[in-house]
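The following paragraphs lead the reader through a single structure, from a strand to a pocket and then to two individual residues. Please keep the sequence and the model in view while reading.

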Amino acid sequence: MRLYLSSYRFGSAVERLTALIPPGARVAVVSNALDLVPEEARRSYARNVHDPLADLADMGFAPFDLDLRRWFGEAAGLERDLADVGLVWAVGGNAFLLRRAMAQSGLDAILQRRLAEDSLAYGGWSAGACVAGPSLRGIDLMDAPDEVADGYDPAPIYDGLGLVDFVI
């Protein structure tokens with residue numbers, strides 16, 4: 001299983017990330033953990049502070065924004081869209097919102113299967129790393145489990161993806 005989990009952005013071992021997938025690989029960037037943040041604030045942050053799409057392009061990859069809301073209830077379509085993707089990268093924000101988006105789109109099952117097949121790598125920072133563990137218990141000390149954006153199921157999901165056997 002190819003994983004790259006970081007507490008803050010791409011961390012200090014970017015060479016380990018770039019070794020996970022070939023140069024030029026398509027990278028799906030999932031920002032749904034930020035769906036409670038207004039779009040203009042997100043664009044301003046990307047312009048002035050940190051833009052993961054630009055950073056991944058600078059690393060030699062072909063990143064694109066993957067909004068999981070487009071795929072809620074359409075897991076088969078999402079799976080087709082990810083067929084040639086080498087890495088799914090999830091950014092920080094609210095881990096509970098991200099986990100809901102993964103469940104509602106079917107990304108959680110797709111990741112688990114494709115990681116087991118070694119046909120995909122997964123990485124993320126903060127919320128993107130937290131959802132990789134077996135549980136989100138304790139994450140509620142930092143992230144509000146009951147905050148939801150439009151179109152999201154209201155019930156929080158406390159089960160993590162189980163990609164690692166410890167809670168981050």
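Two strands are said to pair if DSSP finds at least two bridges between them. The model discussed here is a predicted one, and strand S5 offers a suitable place to begin. Strand S4, residues 85-90, is joined to S5 by 4 bridges, and the two run parallel. Within this pairing, Ala-90 stands opposite Gly-124 of S5. S5 also pairs with strand S1, which covers residues 2-6; here the sense is again parallel, and there are 5 bridges. Arg-2 has Ala-121 as its bridge partner in S5.

How many residues of strand S5 are buried? Of the 5 residues in this strand, which spans residues 121-125, 5 are buried, so S5 is largely enclosed by the rest of the structure. In a regular strand, side chains alternate between the two faces of the sheet. In S5, Ala-121, Gly-123 and Trp-125 point one way, whereas Tyr-122 and Gly-124 point the other way, and all are buried.

Attention now turns from the strands to open space. Rolling a probe the size of a water molecule over the atoms shows where empty space is left. The largest pocket holds about 470 Å³ of space. Its lining consists of 23 residues, and those nearest the centre are Ser-31, Leu-34, Arg-42, Ala-46 and Pro-52. Two or more lining residues come from each of helix H2 (39-48) and helix H3 (52-58). The most is given by H2, with 6 residues. By character, the lining comprises 11 nonpolar, 4 polar and 8 charged residues.

The loop between H2 and H3 contains His-50. Is His-50 buried or exposed? Its relative accessibility is 7%, and because buried means under 20%, His-50 counts as buried. Through its side chain, His-50 makes a polar contact of 3.2 Å with the side chain of Asp-55. Apart from neighbours within four places in sequence, His-50 is in contact with Arg-9, Phe-10, Tyr-45 and Asp-55.

A final residue to consider is Ala-127, which lies in helix H7, residues 127-130. With a relative accessible area of 0%, Ala-127 is buried. Once neighbours within four places in sequence are set aside, the residues in contact with Ala-127 are Ala-33, Val-91, Gly-92, Gly-93, Asn-94, Ala-95 and Leu-98. Ala-127 and Tyr-8 are separated by 119 residues in sequence, while their C-alpha atoms are 9.7 Å apart in space.

Key:
Residues are numbered from 1 along each chain as its sequence is written. This is a predicted model: local features need pLDDT of at least 70, side-chain atom pairs count only at pLDDT 80 or more; totals for chains, interfaces and linings use all residues. Side-chain values use heavy atoms; hydrogens and water are left out. Buried means under 20% relative accessible area, exposed over 50%, partly exposed in between (1.4 Å probe, protein chains only). On a 1 Å grid over the protein atoms alone, a cavity is a set of points where a 1.4 Å probe fits but cannot get out, and a pocket is an open set with protein on both sides within 12 Å along at least five of seven lines; lining residues have an atom within 4 Å of a point. Grid points are joined across faces, edges and corners, and a volume is the space filled by probe spheres set on the points. Ala, Val, Leu, Ile, Met, Phe, Trp, Tyr, Cys and Pro count as nonpolar, Asp, Glu, Lys and Arg as charged, and the others, Gly among them, as polar. A polar contact is a pair of N or O atoms within 3.5 Å; within protein, one must be able to donate a hydrogen and the other to accept it, and residues adjacent in sequence count only if both atoms are side-chain atoms. Contact means heavy atoms within 4.5 Å.
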